[in-house]
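Subject: Structure for your files

Dear colleague,

Here is the structure I said I would pass on. Please have it open while you read the notes below it.

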Amino acid sequence: MNLFTPELYVRGQSDDEATQQEVDKLWEEANERYEQRLREIEPELPEHVRQFNHLLLHDARVFSIARRDDQLIFVMRKDIPPRDIAIITYFLTDEPYVDQAALPGKECSTVMEYLYDKFDLVHEGDTKLYTLAILFSNGWEMRLRFRDVRIALADPLYAASGPASASASASKSA
């Protein structure tokens with residue numbers, strides 16, 4: 001399902017209003033098709049995978065991506081309130097594919113943020129697998145095939161950018 005692409009994302013960065021309007025229209029159409037696909041597959045998804053699918057990661061700051069055997073682990077801080085820390089573990093079925101030049105250099109950021117993803121369910125015989133393509137602001141596009149995913153969300157007490165707000169710390173210690 002090739003709905004969102006790095007090329008469409010780059011075109012959307014144009015200063016030309018006509019181009020921007022065209023890309024906005026294409027993006028909205030792609031989003032509608034994607035949402036329809038998610039509705040189609042949702043009844044086949046276990047509850048924890050449905051929760052993963054509703055996790056809002058757009059613009060999340062990526063602190064780390066690590067590998068341990070068949071597990072790929074992301075540690076991120078969400079940009080959308082409550083701005084919690086998301087630790088996501090993918091149980092891979094194949095090696096991850098990483099295109100480190102999916103975006104042209106001028107569109108790349110030195111900070112790695114989660115721009116968008118494309119999730120899907122595939123059947124291989126009696127086995128259900130998941131695919132995920134993620135575009136990051138540093139120019140990477142990562143494609144994963146996995147059999148399961150686990151999510152842990154936590155309120156930050158300290159993040160790389162500094163201490164969390166006093167109210168967040170106080171509410172956890174009460």
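The notes below cover one strand with its two neighbours, and then the aromatic rings.

Please keep in mind that this is a predicted model.

Strand β6 and its neighbours

I started from strand β6, which spans residues 127-136. Seven of its ten residues are buried, so by the cut-off of under 20% relative accessible area the strand is mostly covered.

On one side in sequence is strand β5, residues 113-124, which pairs with β6 in the antiparallel sense over ten bridges. One of the bridge partnerships joins Asp 120 to Thr 131 in β6. The two strands form a hairpin with two residues between them. Gly 125 sits in that turn and has a positive phi of about 65°.

Strand β7, residues 141-154, also pairs with β6 in the antiparallel sense, over six bridges. Here Leu 132 has Leu 144 in β7 as its bridge partner. β6 and β7 again form a hairpin, with four residues between them. The turn holds Gly 139, whose phi is positive at about 100°.

Aromatic rings

How many aromatic pairs does a search of the whole structure find? The search gives ten. Two of them share Phe 146, and I describe those here.

The pair of Phe 52 and Phe 146 is edge-to-face, with 6.4 Å centre to centre and 80° between the planes. This pair links distant parts of the chain: Phe 52 lies in helix α3 (residues 47-53) and Phe 146 in strand β7, 94 residues apart. Are these two rings buried or exposed? Phe 52 has a relative accessible area of 4% and is therefore buried. Phe 146 counts as buried because its relative accessibility is 0%.

Tyr 130 and Phe 146 form a tilted pair, 5.6 Å centre to centre with 40° between the planes. Tyr 130 is in strand β6 and Phe 146 in strand β7, 16 residues apart, and this pair too is one that links distant parts of the chain. Both Tyr 130 and Phe 146 are buried.

Which residues make up the aromatic cluster that includes Phe 146? Its members are Phe 52, Phe 74, Tyr 90, Tyr 114, Phe 119, Tyr 130, Phe 136 and Phe 146. Tyr 130 thus appears both in this one cluster and in the strand β6 described above.

Regards

Methods: Residues numbered from 1 in each chain as written. Predicted model: local features only at pLDDT ≥ 70, side-chain atom pairs only at ≥ 80, totals over all residues. Heavy atoms only, no water. Buried < 20%, exposed > 50% of the residue type's maximum accessible area, 1.4 Å probe, protein only. Pairing = 2+ DSSP bridges. Phe/Tyr/Trp six-rings, centres within 6.5 Å; stacked < 30°, edge-to-face > 60°.
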